[in-house]
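User: I would like a close look at a single part of this structure, the place where two of its chains meet. Please take it step by step, and keep the surrounding framework in view.

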Amino acid sequence: MSRLRVRLKGCMDPGSRSAQQDDWGASDVALYDAHGLLAVLSDGMGGMEAGDRFSKLAVAEMLRAFEESPEEPDPCLALLKAYAAAREEALKLCRSENLDGGATVVAVLLREDRMAFLSVGDSRMYLLRGGGLIQLNREQTLGVTLDEGAALGFVFREEAERNVHRASMTNHLCQAEDRPCDRNLQPLVLVPGDRIALVSDGVSGTLSDQELELLLNEPGISGAEAVIRAVKEKNKPRQDNMSILLLAVEEKTAENLQEREEAK
Amino acid sequence: MNEENAMLTLPEEVLPTAGAEPLAAQETDAPEETVAPEESAQSEVVAEVTAQPGPVDPEPRSGLNPLLIVAFAVIVVAAVIAVIAGVLRRRRRDNEAPSGPVPTEPIRTGEEPKNVRKPGPRRMDPMQRMPTTAAAGAQNGSSGSVVEGYSFGYAQTIGKRENQEDSYCISRPDAETMRTRGLLAAVADGIGGLNNGQVASGTVMHNMAMRFDQQNPERPAADRLLELAAAGQEDVLRINRQGDHCGTTLVSVLITTEGAVLLSVGDSRIALFRAGALIQLNREHVLGRESDEAAALGAGASVEGRRRGAITAYLGRENLRQMDRTLRPMRLMPGDRLLLMTDGVFNTLSDEEILHQMDRPPQEAADALIAMVDEKQIPHQDNATIVIVGLD
């Protein structure tokens, strides 16, 4: 039995792009006590033809796998399996239509007041705790790999610094080779007041961590809209699609419990 | 995201090692998968070499003699200081009250092995020179003092093992160093039979603290930490090239005015205590996790049993490709505690037990936690080391 409850809000805006390739989704928060909660945000890529298809697929397939699959007791494994199911579908789609696309995935699975997280690609996942921002995931970009390679002496420093593909991702939904996901092994214990924000790079590329921290400190889930507003106010030329999925973890007060009883 | 580049395939030479490779086991309680199958044969060689502490230059050059003499003298001084440090530390562990703050605390490293072969100086790299006495693991009792708002504590126990293979280091916590360079804290859990683990973790910690003092402090903290870890990898590889087979985990944090950056290799842990709860900040490089992932993604089978704990990345591993690190500083908040631990701590104590000590000052908390590890009297208790850095 969980002693916490979760509220959730997702917001998106295409920015100055003609198409929205970000997508987000979550399972029913009312079922959190019984089944846990899965929340996913995905940023599609691959040009006009396929980007939005892969992000939508990632969200839909992960939710389907989560809802249909028999209970996997370990939330970290349950989340991994949901991702694996979505990836399998995505790779099938790539093959059957000969599509060249992909998507990032940032996802969290909350159960019994603990949280598993998983990330592939360059979207970001933050935990706001005690008012302070902590980035939970590591972006998987070539620049990171090259810098480590240069430090360890198997890539030339100049090559690492000048590589024009530093921003490209080393792993994403349709990466056919098996590359490691970034995920936690032991579920993270949640405390009342925690906020979890999943954002696409349209948000993290425009707002600094400091700005995000300030905005996410707004009460409850109102930070989601505030973040989108703040990105738009920057009027950045060629602003990428932006999306945020915000979860607020709160104490179940007597009032909350009563509400729930009445609803039943 | 960068659409045009997003689909780029990595050139082969920079690929991270993809599959899970059962490479090494932790510690000696899993002998079926130790790093070196031929370990017993090697340990004899090691004992011989380590009995004569002296710099070994992998690349003999002319004009080495004066350097050798100076280096040897420095090592002797360092060893003496290490012995004194060990005595002082033992006394401190026997509940002797720590002495008051001392104006400048030299960098200290944990359990500096007395008969470690220090890696020889590297060509054309001033950072690799032999340690100065100031950087050689001296000890005094100023721990627990507060500098620039930060306080720290450290403690370790040998557990039920023959050797202490854990090492740790904390950079000079004087206001000047902290303002210009920041605060470095690191813990290393050595891997290998006999003395080897001690050699690896001791050397890496020692050199890391020394190099930290010589780095260009203008560079981003994440880059500096990566550079220190990579130099540590080079140190252990150099030791291994001379016939040893050893390795070490590394967990490290570098705190500057901007916040904390982290770097981890292996199965030690970095946790953040904030708002009454612990968050593990690093990812352990263990076979169980990697094989689960391979199995879920249809590329292998999950490994069961003890092999799940085998570590897949450590300093000293040839072709080390994975490090777990943060890229941007995380702002620390008043009341935060950063904990760096070897598995001897977190395999013995639960998160709850650790949490309950977090309202005490870092040094008290570190002492209490290590005392708890000892009190549990666990058979084969592994070496346990903890460093705690707190912001008040």
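How many residue pairs in polar contact, both at pLDDT 80 or more, does the rule find across the interface of chain A and chain B?

Analyst: This is a predicted model, and across the interface of chain A and chain B the rule finds 14 residue pairs in polar contact, counting pairs in which both residues are at pLDDT 80 or more. On the side of chain A that touches chain B, the elements that give two or more residues are β3, α3 (75-96), β7, β8, α4 (142-152), β9 (182-183) and α7 of chain A. Of what this side is built from, α4(A) gives the most, with 8 residues. Sorted by class, the side of chain A that touches chain B holds 25 nonpolar, 16 polar and 20 charged residues.

Charged residues also meet directly, since the rule finds 6 salt bridges across the interface of chain A and chain B. One of the side-chain pairs that form a salt bridge is Asp182(A) with Arg283(B), at 2.7 Å from N to O.

As for extent, 61 residues of chain A are in contact with 47 residues of chain B. The size of an interface is often given as the accessible area lost when the parts come together. For chain A and chain B the area buried between them is about 4,800 Å², with 57% of it on carbon and sulfur atoms. Within chain A, the residues that lose the most area to chain B are Arg138(A), Glu148(A) and Leu152(A), which together account for 14% of what that side buries.

Two of the elements named for the side of chain A that touches chain B, α7 and β3, can be followed back into chain A. In helix α7(A), which spans residues 209-216, the buried residues are Asp209(A), Leu212(A), Glu213(A), Leu215(A) and Leu216(A). Their cover includes β7 (124-129), β8 (132-135), β11 (195-199), α6 (201-204), α8 (223-233) and β12 (242-251) of chain A.

Strand β3(A), residues 37-45, runs antiparallel to β5(A) and is joined to it by 5 bridges, with Leu37(A) having Leu110(A) as its bridge partner. Strand β5(A) covers residues 105-111, and because 7 of its 7 residues are buried, it is largely enclosed by the rest of the structure. In a regular strand the side chains alternate between the two faces of the sheet. In β5(A) both faces are covered, with Val105(A), Ala107(A), Leu109(A) and Arg111(A) buried on one side and Val106(A), Val108(A) and Leu110(A) buried on the other. Strand β5(A) also pairs with β6(A), residues 114-120, in the antiparallel sense over 7 bridges, and in that pairing Leu109(A) stands opposite Ala116(A). The hairpin of β5(A) and β6(A) has 2 residues between the strands, and there Glu112(A) takes a positive phi near 50°.

For a contrast in exposure, Ala60(A), found in helix α2 (residues 47-68) of chain A, counts as partly exposed because its relative accessibility is 44%. Its C-alpha atom is separated by 18 Å from that of Leu110(A), and the two residues are 50 apart along the chain.

On the partner side, chain B has 10 helices and 12 strands, and 60% of its 392 residues are buried. Among the contacts in chain B between residues at least 6 apart in sequence, 74% join residues at least 24 apart.

Definitions and conventions:
Residues are numbered from 1 along each chain as its sequence is written. Chains are lettered from A and ligands numbered from 1 in the order in which they are written. This is a predicted model: local features need pLDDT of at least 70, side-chain atom pairs count only at pLDDT 80 or more; totals for chains, interfaces and linings use all residues. Side-chain values use heavy atoms; hydrogens and water are left out. Buried means under 20% relative accessible area, exposed over 50%, partly exposed in between (1.4 Å probe, protein chains only). Helices (H or I, at least four residues) and strands (E, at least two) are DSSP runs, numbered from the N terminus. Contact means heavy atoms within 4.5 Å. Two strands pair if DSSP finds at least two bridges between them. Buried area is the accessible area (1.4 Å probe) that two parts lose on being put together, summed over both. A salt bridge is a side-chain nitrogen of Lys or Arg within 4 Å of a carboxyl oxygen of Asp or Glu. A polar contact is a pair of N or O atoms within 3.5 Å; within protein, one must be able to donate a hydrogen and the other to accept it, and residues adjacent in sequence count only if both atoms are side-chain atoms. Ala, Val, Leu, Ile, Met, Phe, Trp, Tyr, Cys and Pro count as nonpolar, Asp, Glu, Lys and Arg as charged, and the others, Gly among them, as polar.
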